[in-house]
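Biologist: I have not looked at this one before, so could you walk me through a few places in it?
Modeller: Gladly, let us put it on the screen and start with a single residue.

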Amino acid sequence: MSINYANKNYTQAAPYIKQVEDCVTGEPAIKAAGNQLIYLPSPACSDADPTEAQERYSRYVCSAEFDGVPSTTLEALLGGLSHKSNNYEELPDSMGYIIEDADGDGLSLDEMIGIGQAELLKMKFCGYLAEYSDLAGMGINDEQLTRQQVKALRLRSSIKFYPRSAIINWEYRRVNGVKQLSMITLREVETDISEDGLEIVEAYSYLRLTLDENGNYYQQKRIEGKENWSEAFYPETPGGAFNFIPFEFATQGNYPKGVLPDALGYLQPICSKTLARYNVNAQMKEASRYASSPFTVTSGWTNHSFELFKEMNDGRDYLSVESGAHWTLPEGVTAEVLSFAYEKDFFTTYLERNAKEIRALGGAFEVDMQQSEKTATAAVIESAERLSVLSSLQSGLEKTFNRLIKYCAMFEGQDIDANIKLNREFIGVKLTPQERDGIRNDYIQGLISRQEALRQLEQGGVLTVEAKALMSEIDMSGE
């Protein structure tokens, strides 16, 4: 298989993947030298003078404003997803190390899940591979190691994250009597130091995960520029080879097995609207620059009066419009300065409508302070929740990580079922003073118990501690 081959899903999405990533990065990426013409075409005509066209485009790019709506929206949504802690209480003690170090390089499980959440909001799917310490790479050939040896060598399973941009090809077919992932090609960037030690050299490497003719899982690697794939490597468990690829796709939304979404994530239409706004902003700035600049209108000139004007103005043959400029005009010549009165027009009408459309899509775009108590962040989270985006995202990641932890345990000879639970409460609910008074009145009138009143106050975000702890504190103090 050629490493240059990528399936239709990948090639179709590639330019939009870049677009979303650049929009989330913001102006440093949008206005980078290699991206300027991609996101903001030049307004100059093709037959314009090259020097003048370049000067005009430089002004055009410099004055254009890119609003950081995508990054602000992403931050708000990630804040909602992490509003409450994830629940790892049912994770077996034997796999507890995953919580503090999920990838073997110090990345916690919470952090890895957060990276996945951001990727799903941007790209709609990503991938994870369960792995084990490379024994062959460490020069260890003995397959039977004691627990003490494993601990001393710091051997362990881990989880590796792959963004959508790194997943370039995949295939599902019926193997071992089950329709499953039978091949996937992953692209990574490897860095090295040049021979002179003065620069960092980057090169693509490709990892191909495959099920062989017997249904056993093996890996092969290839570095860009080299002709051949490496020898097949078969990762094993104490019970033998895997009869499946321990790789999981995480998706936002439900899809049939073997089907991955062509569309990108929740942020993509917001990015598209923000780029459209960026272009119209540039056009507005240039139009206002020309239209709002004052210009002169004169009349009554003759050849004699023009020569006389030059004598009266130290040889100048034009009317200066610089600040404080003075004109001395010959008799019979009149002049006036006209200026453009900037009022609501196409540009401002479009930008107002665009802002409303961004908010309707769930983007965090607030120019004016709102009168209501609801914050812009809360509005963004509620908008996403109406579309069940956050719930389906958490559900997909939850299933994915429970499977991955099971695969990690298999590397270590354990047969477990992980049951981690991700946060489903995305925004803090605060009771209003009137609602708190209602709870108090219900308690005073005997309609609810003290315990129930405290529970309602806890759910309403009023208490600084849990209701149960507060009741114990009151009982201990005898108040």
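Biologist: How exposed is Asn176?
Modeller: Bear in mind that this is a predicted model; in it, Asn176 counts as partly exposed because its relative accessibility is 41%. Asn176 belongs to the loop between β3 (167-175) and β4 (178-193).

Biologist: And what is phi of Asn176 near?
Modeller: Phi of Asn176 is near 55°, which is a positive value in a residue other than glycine. Most residues other than glycine have a negative phi.

Biologist: Where does Asp314 lie, and what about its phi?
Modeller: Asp314 sits in the loop between α10 (303-312) and β11 (334-338), and its phi is near 55°, again a positive value in a residue other than glycine. With a relative accessibility of 79%, Asp314 counts as exposed, since the cut-off for that is over 50%.

Biologist: Changing topic, which residues of α11 are buried?
Modeller: In α11 the buried residues are Phe347, Thr348, Tyr350, Leu351, Asn354, Ala355 and Ile358. They cover an arc of only 160° around the axis, so they lie on the same side of α11. An α-helix has 3.6 residues a turn, so residues three or four places apart point the same way.

Biologist: What does the face turned away from that buried side carry?
Modeller: That face of α11 carries the exposed residues Phe346, Lys356 and Ala360.

Biologist: How far apart are the end C-alpha atoms of α11?
Modeller: They are 21 Å apart, and this agrees with the expected span, because the 15 residues of α11 (residues 346-360), at 1.5 Å a residue, should span 21 Å. Just after α11 comes Gly362, which takes a positive phi of about 95°.

Biologist: Now the inside: which residues touch the most other members of the largest nonpolar core?
Modeller: Those are Phe247 and Phe401, in a core of 86 residues. Helix α13 (residues 389-411) provides the largest share of this core, eleven residues. Not counting residues up to four places away in sequence, Phe401 touches Leu109, Met112, Ile113, Tyr128, Ile159 and Ile420.

Biologist: One last spot, Cys271: is it buried or exposed?
Modeller: Cys271, which is found in helix α9 (residues 268-291), is buried, with a relative accessible area of 0%. Leaving aside neighbours within four places in sequence, Cys271 is in contact with Val20, Cys23 and Pro70.

Biologist: And how far is Cys271 from Ser71?
Modeller: Cys271 and Ser71 are 200 residues apart in sequence, yet their C-alpha atoms are 9.4 Å apart in space.

Definitions and conventions. Residues are numbered from 1 along each chain as its sequence is written. This is a predicted model: local features need pLDDT of at least 70, side-chain atom pairs count only at pLDDT 80 or more; totals for chains, interfaces and linings use all residues. Side-chain values use heavy atoms; hydrogens and water are left out. Helices (H or I, at least four residues) and strands (E, at least two) are DSSP runs, numbered from the N terminus. The expected span of a helix is 1.5 Å times one less than its number of residues. Buried means under 20% relative accessible area, exposed over 50%, partly exposed in between (1.4 Å probe, protein chains only). The arc is that of the directions from the helix axis to the C-beta atoms. A nonpolar core is a set of buried Ala, Val, Leu, Ile, Met, Phe, Trp, Tyr and Cys residues joined through side-chain atoms within 4.5 Å. Contact means heavy atoms within 4.5 Å.
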